[in-house]
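The following paragraphs lead through one protein model, from its strands and helices to its core and a few individual residues. Please keep the structure in view while reading.

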Amino acid sequence: MPQVEISIGGRTFEVACQEGEEHFLHTAANMLDIEATSLSTQIGRMPESRMLLMSGLLLADKTAALEDKVRDAERQAADLQAQLERIEGQGAPNPVRVEVPVVPTEVTDTLAELAARAEALADTVEDRFAQAPSSAEY
């Protein structure tokens with residue numbers, strides 16, 4: 001079993017751990033050290049056992065808050081999953097029939113003929129205007 005040296009609140013400890021878990025121990029010790037250092041800065045020097053107790057309680061409080069958030073997130077995820085399954089179970093919605101009014105062919109043909117007549121009439125007016133003497137000649 002490996003012996004790992006860790007530092008918490010400016011104090012060094014030698015701790016045994018399982019083979020391959022050294023990284024996890026260092027990570028946990030670092031978290032505890034952050035809390036202990038913060039306590040030492042605020043309160044000053046205190047007995048080792050009190051420093052470790054208070055640091056552990058602060059970490060436990062943070063952990064409890066995170067666990068509450070995880071439970072809320074899991075509950076939300078379960079609700080959303082149930083909602084998704086309910087929606088998927090309903091199947092595709094029935095198609096809605098939409099009627100679009102269509103202009104009859106006779107009407108579009110008549111409008112096209114009227115447009116052609118209007119263009120021809122406009123051409124005739126332009127031609128006559130171009131051939132008429134200008135007002136300056138009067």
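Contact here means heavy atoms within 4.5 Å. The model is a predicted one. With that cut-off, Pro2 touches Val15, Ala16, Cys17, Gln18, Glu19 and Glu22, not counting residues up to four places away in sequence. Pro2 belongs to the segment before E1. Because its relative accessible area is 17%, and buried means under 20%, Pro2 is classed as buried. Its C-alpha atom lies 8.0 Å from that of Glu22, although the two residues are 20 apart in sequence.

Strand E1 follows, and Ser7 is found within it. Ser7 counts as partly exposed because its relative accessibility is 40%. Leaving aside neighbours within four places in sequence, Ser7 is in contact with Thr12, Ala29 and Asp33. Ser7 and Val103, by contrast, are 86 Å apart in space, C-alpha to C-alpha, and 96 residues apart in sequence. Beside Ser7 in the sequence stands Ile8, whose partners, with neighbours within four places again left out, are Phe13, Ala29, Leu32, Asp33, Ala36, Met51 and Leu52.

The next element to consider is helix H1, residues 22-43. Its 22 residues, at 1.5 Å a residue, should span 32 Å, and its end C-alpha atoms are 31 Å apart, so the expected and modelled lengths agree. The buried residues of H1 are Leu25, Ala29, Leu32, Asp33, Glu35, Ala36 and Leu39. These buried residues pack against E1, E2 and H2. Just after H1, Gly44 takes a positive phi of about 100°.

The loop between H1 and H2 contains Met46. Met46 counts as buried because its relative accessibility is 9%. Not counting residues up to four places away in sequence, Met46 touches Arg11, Leu39 and Met51. Between Met46 and Lys62 there are 22 Å in space, C-alpha to C-alpha, for a separation of 16 residues in sequence.

Helix H2 covers residues 48-90. At 1.5 Å a residue, its 43 residues should span 63 Å; the end C-alpha atoms are 63 Å apart, so the helix agrees with the expected length. Met51, Ser55 and Leu59 are buried in H2. What covers the buried residues of H2 includes strand E1 (3-8), strand E2 (11-16) and H1. Just after H2, Gly91 takes a positive phi of about 80°.

How do the two helices meet? Two packed helices are described by the angle between their axes and the distance between the axes. For H1 and H2, the angle is about 115° and the axes are 9 Å apart. The crossing of H1 past H2 is right-handed. On the H1 side, the contact is made by Met31, Leu32, Glu35, Ala36, Leu39 and Ser40; on the H2 side, by Met51, Leu52, Met54, Ser55, Gly56, Leu58, Leu59 and Lys62. Nine of the residues in this contact are nonpolar, three are polar and two are charged.

The description can now turn to the core. In soluble globular proteins, nonpolar side chains tend to be buried together. In this model, the largest nonpolar core has 13 residues, and those with the most contacts inside it are Val4, Ile6, Ile8, Leu25 and Met51. E1, H1 and H2 each supply at least two residues of this core. The largest share, five residues, comes from H1.

Met51 draws several of these descriptions together. Met51 is buried in H2, takes part in the contact of H1 with H2, and is among the residues with the most contacts inside the largest nonpolar core. Met51 is also in contact with Ile8 and is touched by Met46.

Conventions: Residues are numbered from 1 along each chain as its sequence is written. This is a predicted model: local features need pLDDT of at least 70, side-chain atom pairs count only at pLDDT 80 or more; totals for chains, interfaces and linings use all residues. Side-chain values use heavy atoms; hydrogens and water are left out. Axes are lines fitted to C-alpha atoms, for helices over the stretch in contact, and angles run from 0 to 180 degrees between N-to-C directions. Helices (H or I, at least four residues) and strands (E, at least two) are DSSP runs, numbered from the N terminus. A crossing is left-handed if the near helix is turned anticlockwise from the far one by less than a right angle, and right-handed if clockwise. Ala, Val, Leu, Ile, Met, Phe, Trp, Tyr, Cys and Pro count as nonpolar, Asp, Glu, Lys and Arg as charged, and the others, Gly among them, as polar. The expected span of a helix is 1.5 Å times one less than its number of residues. Buried means under 20% relative accessible area, exposed over 50%, partly exposed in between (1.4 Å probe, protein chains only). A nonpolar core is a set of buried Ala, Val, Leu, Ile, Met, Phe, Trp, Tyr and Cys residues joined through side-chain atoms within 4.5 Å.
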